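Student: I am new to this structure. Please take me through one part of it closely, the open space in the protein and what surrounds that space.

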Amino acid sequence: MAFRALPLTFLAHALAIAGAVMVLVWVLYYRGGMAWEASNKNLIFNLHPFLMLVGLIIIGGEAIMSYKSLPLKKEVKKVIHLVLHAIAIILGCVGIAAAFKNHKESNIANLYSLHSWLGITIISLYGIQWIYGFLVFFYPKGSPTLRSESLPWHVLFGIFVYILAVGNAALGFLEKLTFLESSGIAKYGPEALLVNFTAVVTVLYGAFVILSVLGQAPVEDDDSYSAI
């Protein structure tokens, strides 16, 4: 049964705000703040969950939904789509760099977990997807035939990478919470509950982003993806 995409984007926006607030409360109130340079190396790491959630997941999701939620011309939405994804990639790269910096300055090994392996893979695929979309659909643009044939795969691959990113974010929350619980925080304490609920909100946000893609755009904009 067909359903409208626009109401789902409203719910997604609300979840995005909730997720951003929750991760801020976690890193600022419970984890002591964020910093690029600090004697307390945990403050460097705290940039990682904040930038990955707000950047790659939330802003990346808003980029995906922009075609179904903004009452603008397709060419304008194309630019917004590209710019938001570019911001998501940049923040994601800085977030990953923060994790590497924390590990280096704390003498912790890098790339030893499934979360880290998936993270490097996802940001690489995200970058490739953005470059291909820019060259084929924006500038210098491929031929009409190439764009028409590439579009379904571009959308499908973008959804695939985004689902991977949301799943890996949930895995990252689980990994960090496991470390914290091993270090002594209460398993049923307020911080543990906050981290778990932040992961739940992240997954719900990702689900509404994907559902909005599958839903129907406004009638006057049903072909919005045709000029991606």
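Tutor: Start with a term. A pocket is an open set of grid points with protein on both sides within 12 Å along at least five of seven lines, and its lining residues have an atom within 4 Å of a point. Keep in mind that this is a predicted model. The average pLDDT of the protein is 93, and 95% of the residues score at least 70.

Now the pocket itself. The largest pocket has a volume of about 800 Å³. Its lining counts 37 residues, and Phe-45, His-48, Ala-99, His-115 and Glu-175 are the closest to its centre. Which elements give two or more residues to this lining? They are α2, α3, α4 (74-105), α5 and α6. Helix α6 gives the most, with nine residues.

Take one of the central residues, Phe-45. Phe-45 sits in helix α2, which covers residues 41-45. Is Phe-45 buried or exposed? Its relative accessible area is 14%, so Phe-45 is buried, the cut-off being under 20%. Set aside the neighbours within four places in sequence, and Phe-45 is in contact with Ala-99, Asn-102 and Lys-176. Ala-99 has come up already, as one of the residues closest to the pocket centre. Phe-45 can also be placed against Leu-24. The two are 21 residues apart in sequence, and their C-alpha atoms are 13 Å apart in space.

Leu-24 leads us to helix α1, residues 6-30. At 1.5 Å a residue, its 25 residues should span 36 Å; the end C-alpha atoms are 36 Å apart, so the two agree. Several residues of α1 are buried, including Leu-8, Ala-12, Leu-15, Gly-19, Met-22 and Trp-26. What do the buried residues of α1 pack against? They pack against α3 (47-69), α6 (144-182) and α7 (190-214). Two of these helices, α3 and α6, also appear in the list of elements that line the pocket. After α1 comes Gly-32, with a positive phi near 90 degrees.

Next, the closed space. The structure holds one cavity of 30 Å³ or more. The space in the largest cavity is about 310 Å³. It is lined by 23 residues, and those nearest its centre are His-81, His-85, Gln-129, His-154 and Gly-158. At least two lining residues come from each of α3, α4, α5 and α6.

Helix α5 deserves a last stop for its rings. The structure holds five aromatic pairs. In one of them, Tyr-29 and Tyr-30 meet edge-to-face, 4.9 Å centre to centre with 90 degrees between the planes. Tyr-29 counts as exposed, because its relative accessibility is 64%. Tyr-30 counts as partly exposed, because its value is 27%. Compare Phe-134 and Phe-138: the ring centres are 5.3 Å apart and the planes are at 45 degrees, so this pair is tilted. Both lie in helix α5 (residues 114-138), four residues apart, about one turn of the helix. Phe-134 is partly exposed, at 24% relative accessibility. Phe-138 is partly exposed too, with a relative accessible area of 30%. Together with Trp-130, these two form one aromatic cluster.

One caution to finish. Over residues 222-228 the pLDDT stays under 50, and there the model has 25 contacts beyond four places in sequence.

Key:
Residues are numbered from 1 along each chain as its sequence is written. This is a predicted model: local features need pLDDT of at least 70, side-chain atom pairs count only at pLDDT 80 or more; totals for chains, interfaces and linings use all residues. Side-chain values use heavy atoms; hydrogens and water are left out. The expected span of a helix is 1.5 Å times one less than its number of residues. Buried means under 20% relative accessible area, exposed over 50%, partly exposed in between (1.4 Å probe, protein chains only). Contact means heavy atoms within 4.5 Å. Rings of Phe, Tyr and Trp (its six-membered ring) pair if their centres lie within 6.5 Å; planes under 30 degrees apart count as stacked, over 60 as edge-to-face and the rest as tilted. pLDDT is the predictor's confidence in each residue, from 0 to 100. On a 1 Å grid over the protein atoms alone, a cavity is a set of points where a 1.4 Å probe fits but cannot get out, and a pocket is an open set with protein on both sides within 12 Å along at least five of seven lines; lining residues have an atom within 4 Å of a point. Grid points are joined across faces, edges and corners, and a volume is the space filled by probe spheres set on the points.
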